[in-house]
Amino acid sequence: MKIDEKLIQRLENLSMVEIENKEKMAKDLEEIVAFVEMLNELDTENIDATFSTLNNPTPLREDEPQKNDIIEEVLAHAPKAKDGYFIVPKIIE
C-alpha cells in the first residue's frame, strides 16, 4: 500500500496531531503495512477460525479469609493515628 501525502494529511486531521516529519511518517507507515500484509501469506487452512477457553476454563481457588496486620504496620509509620485511622490537620474551617 502506498502512503502518500494526502493520506498523511488525512491522518493528521483525524488524529488532531501535527506531524512534523511527514516523509518519515509515510515511510514508517509503509513499513508497518508491509509487515502486516505478510500475515496474508500464512497458511491458515487447517487452523480453526475460532478459539474458546470455555472447554478448559481456568480453575478457581476457594476464597479463604486471612488475617493480616497491614493496617497496624501502616499506621505504625504515621505521625499520628488513633482507632485505626490517620489523624491529619484540619484544613477547612
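The following exchange goes through a predicted model of one protein chain, from its overall build to single residues.

Colleague: In what order do the helices and strands of the protein chain run from the N terminus on?

Modeller: The protein chain holds three helices and two strands, and among them are helix α1 with residues 5-15 and strands β1 (81-82) and β2 (85-86). Read from the N terminus on, the order of these elements is α-α-α-β-β.

Colleague: What radius of gyration does the protein chain have, set against a compact globule of 93 residues?

Modeller: Along its principal axes, the C-alpha trace spans about 70 × 50 × 20 Å. For a compact globule of 93 residues one would expect a radius of gyration near 12 Å, whereas the value for the protein chain is 29 Å.

Colleague: What share of the residues of the protein chain counts as buried?

Modeller: The protein chain exposes about 9900 Å² of area, and carbon and sulfur atoms supply 56% of that. A residue counts as buried when its relative accessible area is under 20%. Among the 93 residues of the protein chain, the share that meets this condition is 8%.

Colleague: How far apart are Arg 10 and Ile 71 in space, C-alpha to C-alpha?

Modeller: Arg 10 belongs to helix α1, and because its relative accessible area is 55%, Arg 10 is exposed. In sequence, 61 residues separate Arg 10 from Ile 71, and in space their C-alpha atoms are apart by 54 Å.

Colleague: Which residues form the nonpolar patch on the surface, and what accessible area do they have together?

Modeller: One member of the patch is Met 38, which is found in the loop between α2 (22-37) and α3 (70-76). Met 38 is partly exposed, because its relative accessible area is 45%, and a patch residue needs over 30%. The patch is formed by Ile 32, Phe 35, Val 36, Met 38, Leu 39 and Leu 42, and their accessible area together is about 620 Å².

Colleague: How far apart are the mean positions of the positive and negative charges of the protein chain?

Modeller: The comparison takes in 11 positive and 22 negative charges of the protein chain, each group being reduced to a mean position. The distance between these two mean positions is 10 Å.

Colleague: Which residue meets Lys 24 in a salt bridge?

Modeller: Side chains of opposite charge can pair when their charged atoms come close. A search of the whole structure finds six salt bridges, and the one at Lys 24 joins two residues of helix α2 that lie four residues apart, about one turn of the helix. Lys 24 counts as partly exposed because its relative accessibility is 45%, and its partner is partly exposed as well, at 27%. With an N to O distance of 2.9 Å, the residue that meets Lys 24 is Asp 28.

Colleague: What is the N to O distance in the salt bridge between Glu 31 and Lys 27?

Modeller: Glu 31 and Lys 27 are separated by about one helical turn, because they are four residues apart in helix α2. Glu 31 counts as partly exposed, since its relative accessibility is 46%. The side chains of Glu 31 and Lys 27 meet in a salt bridge with an N to O distance of 3.1 Å.

Colleague: Are Asp 63 and Arg 61, whose side chains meet in a salt bridge, buried or exposed?

Modeller: The side chains of Asp 63 and Arg 61 meet with an N to O distance of 3.7 Å. A residue is exposed when its relative accessible area is over 50%. Because Asp 63 has a relative accessibility of 69% and Arg 61 has 67%, both residues count as exposed.

Colleague: What is the phi of Met 16, and where does Met 16 lie?

Modeller: Met 16 is exposed, because its relative accessible area is 75%. Although Met 16 is not a glycine, its phi is positive, at about 55°, and its place is the loop between α1 and α2.

Colleague: In which loop does Asp 83 lie?

Modeller: Asp 83 is not a glycine, and yet it has a positive phi of about 55°. Because its relative accessibility is 65%, Asp 83 counts as exposed. The loop in which Asp 83 lies is the one between β1 and β2.

Methods
Residues are numbered from 1 along each chain as its sequence is written. This is a predicted model: local features need pLDDT of at least 70, side-chain atom pairs count only at pLDDT 80 or more; totals for chains, interfaces and linings use all residues. Side-chain values use heavy atoms; hydrogens and water are left out. Patches are made of residues with over 30% relative accessible area and no salt bridge: like charges are joined within 9 Å, nonpolar side chains (Val, Leu, Ile, Met, Phe, Trp, Tyr) within 5 Å. Accessible areas come from the Shrake-Rupley method with a 1.4 Å probe; for residues, only the protein chains shown count as cover. A salt bridge is a side-chain nitrogen of Lys or Arg within 4 Å of a carboxyl oxygen of Asp or Glu. Buried means under 20% relative accessible area, exposed over 50%, partly exposed in between (1.4 Å probe, protein chains only). The radius of gyration is taken over C-alpha atoms; the globule rule is 2.2 Å times the number of residues to the power 0.38. Lys and Arg count as positive and Asp and Glu as negative; His and the chain ends are not counted. The place of a charge is taken as NZ of Lys, CZ of Arg, CG of Asp or CD of Glu.
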